[in-house]
Amino acid sequence: MQVFVTAGEPSGDRLGAALMAGLRELAPGVRFAGLGGPEMTAAGLQSLFPIEEISIMGIVEILSRYRPLKRRIAETAEAVIAAKPDVLVTIDLPEFSLRVAKLVKARSDIRVVHYVAPTVWAWRPKRAERMAAHVDQVLALLPFEPPFMEAAGMRCDFVGHPVVSQPVASAAEAEAFRSAHEVGQGPLVLALPGSRGSEVARLAPVFGAALAKLAQARPGLRVVVPAAGAVAETVAGAIRDWPGDPVFLDPRAADHPAQKRAAFAAADAALAASGTVSLELAAADTPMVIGYDMGWLSHQIIGRMLRVDTVTLVNLVSETRVVPEFIGKACRPGPIATALGAVLDDPAPQRAAMALTMERLGRDGPPPGLRAARAVLEGLGRA
């Protein structure tokens, strides 16, 4: 059996690697081709091209790189058609993935599975109907998503979120991290300004100013900044003038995964960009404040289409609104600093919501990668 799998950003790369492992376990001899990052490459995939070329978010950002993105879409679709796989699995990044799927379906009957349901429950609900024309099956990370996809005519399987099977540092490892970096008794705050260059450029100045305000009220404040691989240099430069003697965790270091886990567990609170990192923080039981901003045009368009009153996944899955979020014009240093102070003073409400979130995402069930692999094989009639 041959599987063509595409991922275009770090979170998708992790999903792809876990799916590949699950398929190897359930279908020995499976072969892979496609597009992925370092984790999928380590799992044996030879990527068509570096995924950084297509890791773009925001309407303005996509338009500014439309021509090279369109070329990569066409190149990927041609590679799929030439490979004639049993199934094409596109992972997240709908601006890229669904366009590839559309081109493939127009010229073949290759089965298409899209992994990570588009957020039709949040904005642009018609996307489900449009994607149904060239997607046969959807693998959902969130338990409330299948009805939205099924209503549009696609099979949809809730497979759990990969965050529930990721390792979490122990209390001893967290304490060792604080000791190694001489954190002392002052609060330790994680800062996570995004995994894309455009996110870091917009959020790092705001996050730095918010932390400076917090430091005035919290003597001994320390800051730790785990960076994503694609933006390591950008993040390192952006935090040079930040308060709290920032500890920069370089993703190129051999011990980075263990250090990042320890930092998440050691932190008293986090200031993070909106996205799946909120679930990583919930898995580590680290209370958080969420901030996000985007280009003016992207904000105007998306803001008018938004159908929910929160974009933070912990709030959505737990059906609470305990995680403070500051989106668009609200993403300003003063309010963010105030919210961080409140979270440091009373983290209990968030901890209850984070525990419920992990339970609903499948923490005690089979690994999501294995569940996703089984769903793909069931869709092919090979389970």
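**Overall build and a few notable residues**

With 383 residues, a compact globule would be expected to have a radius of gyration near 21 Å, and the chain comes out at 21 Å, so the two agree. The model is a predicted one, and everything below is worked out from its atoms. Taken along the principal axes, the box that the C-alpha atoms fill is roughly 65 × 45 × 35 Å. As for secondary structure, the chain holds 17 helices and twelve strands.

How much of the chain is tucked away? Of its 383 residues, 52% count as buried. Contacts tell another part of the story: among those with a separation of 6 or more, 67% link residues that sit 24 or more positions apart. On the outside, the chain exposes about 16300 Å², and carbon and sulfur atoms supply 53% of that area. Charges can be summed up briefly too. There are 40 positive and 39 negative ones, and their mean positions lie 7 Å apart.

Next come the cysteines. The disulfide count is zero, going by the rule that two cysteine sulfur atoms must be within 2.5 Å. Cysteine 156 has a relative accessible area of 8%, which means it is buried, as that is under the 20% cut-off. Cysteine 331 also counts as buried, because its relative accessibility is 7%.

Two residues stand out for their backbone angles. Leucine 93 is not a glycine, yet its phi is positive, at about 40°. This leucine is found in the loop that runs between β3 (87-91) and α5 (94-107). Is leucine 93 buried or exposed? With a relative accessible area of just 4%, leucine 93 is buried. Glutamate 182 is not a glycine either, and it has a positive phi of about 50°. Its loop is the one between α8 (171-180) and β7 (188-192). Here the relative accessibility is 67%, so glutamate 182 counts as exposed; the cut-off for that label is over 50%.

Tryptophan 242 is worth a closer look. It has its place in the loop between α10 (232-238) and β9 (247-249). Although it sits in a loop, tryptophan 242 is buried, because its relative accessible area is 9%. Which residues does tryptophan 242 touch, not counting those up to four places away in sequence? The list is made up of Ala191, Ala204, Phe207, Gly208, Leu211, Val223 and Val225. One of these partners is valine 223: 19 residues separate it from tryptophan 242 in sequence, while the C-alpha atoms of the two are 8.6 Å apart in space.

Proline 324 rounds off the tour. This residue lies in the loop between α14 (313-318) and β12 (325-327). Its relative accessible area is 22%, so proline 324 is partly exposed, a label that covers values between the 20% and 50% cut-offs. Leaving aside neighbours within four places in sequence, proline 324 is in contact with Met288, Val289, Ile290, Ala339, Val343 and Gln350. How far is proline 324 from glycine 16, C-alpha to C-alpha? The two are 308 residues apart along the chain, and their C-alpha atoms are separated by 31 Å.

How values were computed:
Residues numbered from 1 in each chain as written. Predicted model: local features only at pLDDT ≥ 70, side-chain atom pairs only at ≥ 80, totals over all residues. Heavy atoms only, no water. Buried < 20%, exposed > 50% of the residue type's maximum accessible area, 1.4 Å probe, protein only. Helix = DSSP H or I, 4+ residues; strand = E, 2+ residues; numbered from the N terminus. Rg over C-alpha atoms; globule rule 2.2 N^0.38 Å. Contact = heavy atoms within 4.5 Å. Areas by Shrake-Rupley, 256 points an atom, 1.4 Å probe, with all protein chains shown as cover. Lys, Arg positive; Asp, Glu negative; His and termini not counted. Charge placed at Lys NZ, Arg CZ, Asp CG, Glu CD.
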